[in-house]
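Visitor: I would like a close look at a single part of this protein, with a word on how far the coordinates can be trusted before we settle on it. Please take me through it slowly.

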Amino acid sequence: MRRTVSFLLAALLAGLAAGCTRPVEPDLTAYVGGEAEIPIEILGGLDEEVRQALTQEPKYVALTFDDGPRADTTARLLDGLLERDAAATFFVIGEQIPGNEDLLRRMETEGHQIGNHTYSHVRLQKVDTDAVVEEIHKTEALLREVTGQETFWLRPPYGFIDIQRAQLVKTPMIYWSVDPEDWKLLNKDRVVKAVLDTVESGDIVLLHDFYATSVDAALEIVDRLQAEGYVFVTVEELFRIQGVEPQPGTLYASPQKIRPLQ
Ligand SMILES: [Zn+2]
């Protein structure tokens, strides 16, 4: 955490010096061992708001998007995230990959995490174990082919999986800690409010890039929370920042909170 704070301080100061307000890229591997010290004469000359941003512990949040990729909405979301220098995590449905390969390549090159949301969005606890393995593997194979990456964390559809079937999962599984029910609200302002009313540093937020209203809401959430000093990271980065090594077959609501399976 200290390393990240130092990095953010250094980057913020560099940004100030250059008169640039571009958000800081959360590159957690950079500046290892760098210890930024802010001379008092610089701190004293800053606005109160900027001074607070520099001296406060940074806040992190992971936005996650399920049920894509979808050509129009996902592309617009990627454009908006790129403009804002915000990272996110996409749990994609295998069936929707053919024809949308370019969107997955964009996610990879633009610093997002790609996860597996099964091949046909089944309730995993309702199908037999062979089907569970097939649903996961089919999507994994497509993702490997398109991206060249090896491992894709799983978000079980609806967040449901039981203990027996979870043993078949060879990667960590990700639930969420903030659910604005965007698929039900289908209203940008209400989704934004539902997230902003509850979100805290370290949260994993569930959204769906399948809906235009959710894309609009997500971009406004990024704007509003960046103004409060939040940095948007992938789920994997959130675990790394918090020093938690996620375990295969375990369902996490956040790095600090394991969701019990039945
Ligand atoms: Zn879903």
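Guide: Over residues 28-35 the pLDDT stays under 50, and for this stretch the model, which is a predicted one, has 14 contacts beyond four places in sequence. Residues 1-24 also have a pLDDT below 50, with 37 contacts in the model beyond near neighbours in sequence. Where pLDDT is low, the predicted coordinates should not be read in detail. For the protein as a whole, the average pLDDT is 88, and 85% of the residues score at least 70.

The part to look at closely is helix 9, which spans residues 188-198 and in which Lys188, Val191, Val192, Ala194 and Val195 are buried. These buried residues lie on the same side of helix 9, because they cover an arc of only 160° around the axis. An α-helix has 3.6 residues a turn, so residues three or four places apart point the same way. The face turned away from that buried side carries the exposed residues Asp189 and Asp197. As for what covers the buried residues of helix 9, the neighbours include helix 8 (182-185), strand 5 (203-208) and helix 10 (212-227).

From there one can turn to two loop residues and to the partners they meet across the sequence. Glutamine 56 is found in the loop that runs between helix 3 (48-55) and strand 1 (59-68), and it counts as exposed because 10 other C-beta atoms lie within 10 Å. Its C-alpha atom is separated by 9.0 Å from that of glycine 229, although the two residues are 173 apart along the chain. Glycine 111, in turn, has its place in the loop between helix 5 (101-109) and strand 3 (113-116); with 18 C-beta neighbours inside 10 Å, glycine 111 counts as partly exposed. Between glycine 111 and valine 233 there are 9.2 Å in space, C-alpha to C-alpha, and the pair is 122 residues apart in sequence.

A sheet completes the tour. This open sheet has 3 strands in the order 4-7-8, with mixed pairing, and its edge strands, each of which pairs on one side only, are strand 4 (173-174) and strand 8 (257-258). Strands of a sheet pair through backbone hydrogen bonds, either parallel or antiparallel. Strand 4 pairs with strand 7 (residues 251-254) in the parallel sense over 2 bridges, and methionine 173 stands opposite leucine 251 in strand 7.

Notes:
Residues are numbered from 1 along each chain as its sequence is written. This is a predicted model: local features need pLDDT of at least 70, side-chain atom pairs count only at pLDDT 80 or more; totals for chains, interfaces and linings use all residues. A residue is buried if 20 or more other C-beta atoms lie within 10 Å of its own, exposed if 12 or fewer, and partly exposed in between; C-beta atoms are placed from the backbone. Helices (H or I, at least four residues) and strands (E, at least two) are DSSP runs, numbered from the N terminus. The arc is that of the directions from the helix axis to the C-beta atoms. Two residues are in contact if their C-beta atoms, placed from the backbone, lie within 7 Å. Two strands pair if DSSP finds at least two bridges between them. pLDDT is the predictor's confidence in each residue, from 0 to 100.
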